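Welcome to this guided tour! Open your viewer, get ready to select a few stretches of chain, and follow along stop by stop.

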Amino acid sequence: MADENERAEVQRAHWQDTYTAHPGMYGEQPSAPAVHACAVFRAAGAKDVVELGAGHGRDALYFAREGFTVRATDFSAIGLDQLRASAKAQDVTGRATTIVHDVRDPLPLPDASVDAVFAHMLLCMALSTAEIRVLVGEVRRVLRPGGVFIYTVRHTGDAHYGAGTAHGDDIYEHGGFAVHYFSRDLVDALAEGWTLEEVFPFEEGDLPRRLWRITQTLPR
Ligand SMILES: C[S@@+](CC[C@H](N)C(=O)[O-])C[C@H]1O[C@@H](n2cnc3c(N)ncnc32)[C@H](O)[C@@H]1O
């Protein structure tokens, strides 16, 4: 546990430094999974979205521009400062709010209070399998019946899987960033009690990162 806490603090500092050095590092355009999620959330009748690990907000602000009410969370206050500045510039402050939050802590939201949750490359951060299981339980708790959870993760087919410093539990650190590479078994375990709608493979960036986009819903 001490090791996990220490690793999380090192990672938070690394993300704070990275956003300071590279403001808006992911650009202003939404990610492909966010564009897909927007259509899925709209078809499900969702009005409000919680984003976990929103960073500087390329996706949260896209959801806001598309008319959703968005609560963007991240443990980097610097990333979220950049998100709020962009929200002002894009005139969506009324629909986008931020919460500094470490996903290893309970979500600061009531039970059954959210229509949809989105998390692009957050569950595959430096989180243990036990922490990921608890987090998905929290997502389940805050979603309304019929709620939709879309998340993406790098997986064991990624070029960096097994490279760099091994932390155990399929977590490897490369260039200062620790990543938990997901196995298909882990995806299936996290969907127990949900309807697993889709596990969609895709690539992002130059490496390229190899990811899965997972969509799972709660029964109504
Ligand atoms: C790979 S980046 C993706 C950012 C954003 N989703 C995007 O695609 O533009 C991962 C994000 O997760 C955040 N993060 C990592 N570990 C976290 C944790 N334990 N709690 C909350 N946020 C975390 C980082 O600060 C970073 O903004």
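Two strands pair if DSSP finds at least two bridges between them. Helices (H or I, at least four residues) and strands (E, at least two) are DSSP runs, numbered from the N terminus. What you see is a predicted model, in which local features need pLDDT of at least 70, side-chain atom pairs count only at pLDDT 80 or more, and totals for chains, interfaces and linings use all residues. Residues are numbered from 1 along each chain as its sequence is written.

**Stop one: parallel strands**

Select strand β1 (residues 48-52) and then β2: 5 bridges join them in the parallel sense. Look for L52, which stands opposite T73 in β2. Now add helix α3 (residues 58-65); together with β1 and β2 it makes a right-handed β-α-β unit. Right-handed means that, with the strands pointing away from the viewer, the path from the first strand over the helix to the second runs clockwise.

Next, show strand β3 (residues 96-100), which pairs with β2 in the parallel sense over 5 bridges. R71 has T97 in β3 as its bridge partner. To get from β2 to β3, the chain crosses through helix α4 (residues 77-89), and this β-α-β crossover is right-handed.

How many residues of strand β2 (residues 69-74) are buried? The count is 5 of the 6, so β2 is largely enclosed by the rest of the structure. (A residue is buried if 20 or more other C-beta atoms lie within 10 Å of its own, exposed if 12 or fewer, and partly exposed in between; C-beta atoms are placed from the backbone.)

**Stop two: the core**

A nonpolar core is a set of buried Ala, Val, Leu, Ile, Met, Phe, Trp, Tyr and Cys residues joined through C-beta atoms within 7 Å. The largest one here has 55 residues, and V49, A60, F63, A64, V117 and L123 have the most contacts inside it. Strand β5 (residues 143-154) gives this core its largest share, 6 residues.

**Stop three: a hairpin**

Stay with β5 and add strand β10 (residues 209-217): the two run antiparallel, joined by 7 bridges. Here V153 is matched with its bridge partner W212 in β10. Then select strand β9 (residues 195-204), which pairs with β10 in the antiparallel sense over 9 bridges. β9 and β10 form a hairpin with 4 residues between them, and G205 in the turn has a positive phi of about 80°.
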